[in-house]
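Reader: Could you take me through some charged and nonpolar side chains here?
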Amino acid sequence: MTDAVRDVVALGVVAAGLLSGAAVALVTRAPLAGLQWLLDFLLAAGLLRLGATGTPTALATAAAIVAVRQVAGLGLRRARAALAVPAPEPPAPSP
Amino acid sequence: MGFLSEDAVATFVDVLVRLVETAGAVIIFSGCVIAFVRFLVLAVRERRVSSFTRVRLDLGRMLALGLEFQLASDVLRTAVAPTLREIAELAAVAAIRTALNFFLAREIREEREEIARDTAERDTAQRDTAQAAG
C-alpha cells in the first residue's frame, strides 16, 4: 500500500468518523457517545497513517494525534463516570 | 548459496513486512467500513446508546487486531535494520503501537464490563416489572 493510497484511505476514515459521530450524537442525543465514536475513527486513521514509512515529523504528528485521542478518550470516560454517579448527599445535621 | 545472500534476505523480509503491514491496514480499514455500515443500520432501526457502544467495541477489537499485525511487521523489520537511525525509528513506532495496544485492550475490557452491567441492570428491571405485574 503506497503512502498516497494510505493517506486517501485515512482521510476517508476521518470523513466517515465525522459524519457518523455527528449522527450518533444527534440520533442518541448523547454528545459523549458521538464524540467517542468520532475518536475511534480518528484513532483508526492515525493507525493507518502510522504505518506509512514517512519522515520523523510525520511519525511525530501521527503519534501526537493518537496521544490526543487517548487523552480525550480518558477524559470522556472520567466525565461519563462522574455524570453517572449521583452527587453525595450532604451529611445529616448532628443533634 | 546465492539465495541466502544478505540482499536476498533483505528483499524477502521487505516483501513480508509489506504484506503483513498491508494486512494490518486492510483489517483496520475493514473494521471502519463494517462499523460505518452497522452504524447506518442502527441509526435507522434502533437508536440506543448501548447498541452503538457494541459496534464501537467490535471496532476496537478490529483496531487491536490490525495493531497486532502492524507490531508483527515491526518485529519482522528488526531482522534487517542496518542503521542506528532506522532502528531508533522502528523502536519509536513499536513503542507507540505497543502502548496503544495496551490502552486499547484496557478500553475494550472496560466497555465490555459496562455493557455486561447495563444488560444485567436491564434484565433486573424487566424481571421486577414482570413480578410487579404478575
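Author: What follows is a short talk about salt bridges and a surface patch. The model is predicted, so local features need pLDDT of at least 70 and side-chain atom pairs count only at pLDDT 80 or more, while totals for chains, interfaces and linings use all residues. Residues are numbered from 1 along each chain as its sequence is written, chains are lettered from A and ligands numbered from 1 in the order in which they are written, and side-chain values use heavy atoms, with hydrogens and water left out.
Reader: How many salt bridges are there over all chains?
Author: The search of the whole structure finds six, a salt bridge being a side-chain nitrogen of Lys or Arg within 4 Å of a carboxyl oxygen of Asp or Glu.
Reader: Which residue does Glu21(B) pair with?
Author: Glu21(B) meets Arg77(B) in a salt bridge, at 3.1 Å from N to O. The pair links distant parts of the chain, 56 residues apart, with Glu21(B) in helix α1 and Arg77(B) in helix α2 of chain B; helices are DSSP runs of H or I, at least four residues, and are numbered from the N terminus.
Reader: Is Glu21(B) buried or exposed?
Author: Glu21(B) counts as buried at 6% relative accessibility, whereas Arg77(B) is partly exposed at 22%. Buried means under 20% relative accessible area, exposed over 50%, and partly exposed in between, with a 1.4 Å probe and protein chains only.
Reader: Switching topic, where is Asp74(B)?
Author: Asp74(B) lies in helix α2 (residues 49-77) of chain B, and Asp74(B) is buried, at 2% relative accessibility.

Terms used. Helices (H or I, at least four residues) and strands (E, at least two) are DSSP runs, numbered from the N terminus.
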